[in-house]
Amino acid sequence: MSKSKYRRLELLSEDILSYTFTGHHEKSKQSVLIFQYKPQYLNASLVNTIIQKSEPLFSFRHECILPLLDYH
C-alpha cells in the first residue's frame, strides 16, 4: 500500500456517493479539498471513465474554481 500525498483533516459533507474533506498536501502543507467516492459505488469501468474525464481538468484554470491537483 502506498502512503497518501494528502492528509484528510475534517469531514465537510457526506452524500449517497461520496465524502468531502478538508485536508492538506503532506509535503507542501497546501490546503486542499478532497472528494472521495464510496467504494461500494465504484467499479473498474467507472474508475476508468472518471480518469478519462478528469485528464482535461488539469489544464483548466479559472480564478473562481479550485484547480484539480490529483485524481488518485
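Residues with under 20% relative accessible area count as buried, those over 50% as exposed, and those in between as partly exposed. With that in hand, S28 is partly exposed, because its relative accessible area is 47%. Welcome to a predicted model of a protein chain whose secondary structure comes to one helix and three strands. Of its 72 residues, 15% count as buried. The notes below go through the fold, the salt bridges, the surface patch, the largest pocket and a few local details.

**Overall fold**

- Starting at the N terminus, the elements follow the order β-β-β-α.
- The C-alpha trace spans about 30 × 25 × 25 Å along its principal axes.

**Salt bridges**

- Here is some background that may help: side chains of opposite charge can pair when their charged atoms come close.
- The structure has four salt bridges.
- One of them joins the side chains of K5 and D70, with 3.2 Å from N to O. This pair connects distant parts of the chain, since K5 sits in the segment before β1 (6–14) and D70 in the segment after α1 (44–54), 65 residues apart.
- Both partners of that bridge can be placed by their accessibility: K5 is partly exposed at 46% relative accessible area, and D70 is partly exposed at 21%. The cut-off for buried is under 20%, so D70 at 21% counts as partly exposed.
- Another salt bridge pairs R7 with E26, and their closest N and O atoms are 3.1 Å apart. Because R7 lies in strand β1 and E26 in the loop between β2 (18–25) and β3 (31–37), the pair ties together parts that are 19 residues apart in sequence.
- R7 is partly exposed, given its relative accessible area of 40%.
- R7 and E26 also belong to a network of salt bridges that includes K29.
- The side chains of K38 and E14 form a salt bridge as well, at 2.9 Å from N to O. Here the distant parts being linked are the loop between β3 and α1, which holds K38, and strand β1, which holds E14; the two residues are 24 apart.
- The accessibility of this pair is worth a look: K38 counts as buried because its relative accessibility is 8%, whereas E14 counts as partly exposed at 48%.

**Nonpolar surface patch**

- A nonpolar patch on the surface is formed by I16, L17, Y37, Y41, L42, L46 and V47, and together these residues have about 600 Å² of accessible area.
- Y41, one of the patch residues, is found in the loop between β3 and α1. Y41 is partly exposed, with a relative accessible area of 37%.

**The largest pocket**

- A word on the idea behind pockets: rolling a probe the size of a water molecule over the atoms shows where empty space is left.
- The largest pocket contains about 1,400 Å³ of space. It is lined by 32 residues, and those closest to its centre are I34, F35, D70, Y71 and H72.
- D70 therefore has two roles in this picture, as a partner of K5 in a salt bridge and as one of the lining residues closest to the centre of the pocket.
- At least two lining residues come from each of β1, β3 and α1. Strand β3 gives the largest share, with seven residues.
- Sorted by class, the lining has 19 nonpolar, eight polar and five charged residues.

**Local details**

- Q36 lies in strand β3 and counts as partly exposed at 30% relative accessibility.
- Q36 and H72 are 36 residues apart along the chain, and their C-alpha atoms are separated by 9.4 Å.
- S28 is located in the loop between β2 and β3. The C-alpha atoms of S28 and Y6 are separated by 9.8 Å, with their positions 22 residues apart along the chain.
- K29 also lies in the loop between β2 and β3. Its phi is near 65°, a positive value in a residue other than glycine.
- For context, most residues other than glycine have a negative phi.

Technical notes
Residues are numbered from 1 along each chain as its sequence is written. This is a predicted model: local features need pLDDT of at least 70, side-chain atom pairs count only at pLDDT 80 or more; totals for chains, interfaces and linings use all residues. Side-chain values use heavy atoms; hydrogens and water are left out. Helices (H or I, at least four residues) and strands (E, at least two) are DSSP runs, numbered from the N terminus. Buried means under 20% relative accessible area, exposed over 50%, partly exposed in between (1.4 Å probe, protein chains only). Patches are made of residues with over 30% relative accessible area and no salt bridge: like charges are joined within 9 Å, nonpolar side chains (Val, Leu, Ile, Met, Phe, Trp, Tyr) within 5 Å. Accessible areas come from the Shrake-Rupley method with a 1.4 Å probe; for residues, only the protein chains shown count as cover. On a 1 Å grid over the protein atoms alone, a cavity is a set of points where a 1.4 Å probe fits but cannot get out, and a pocket is an open set with protein on both sides within 12 Å along at least five of seven lines; lining residues have an atom within 4 Å of a point. Grid points are joined across faces, edges and corners, and a volume is the space filled by probe spheres set on the points. Ala, Val, Leu, Ile, Met, Phe, Trp, Tyr, Cys and Pro count as nonpolar, Asp, Glu, Lys and Arg as charged, and the others, Gly among them, as polar.
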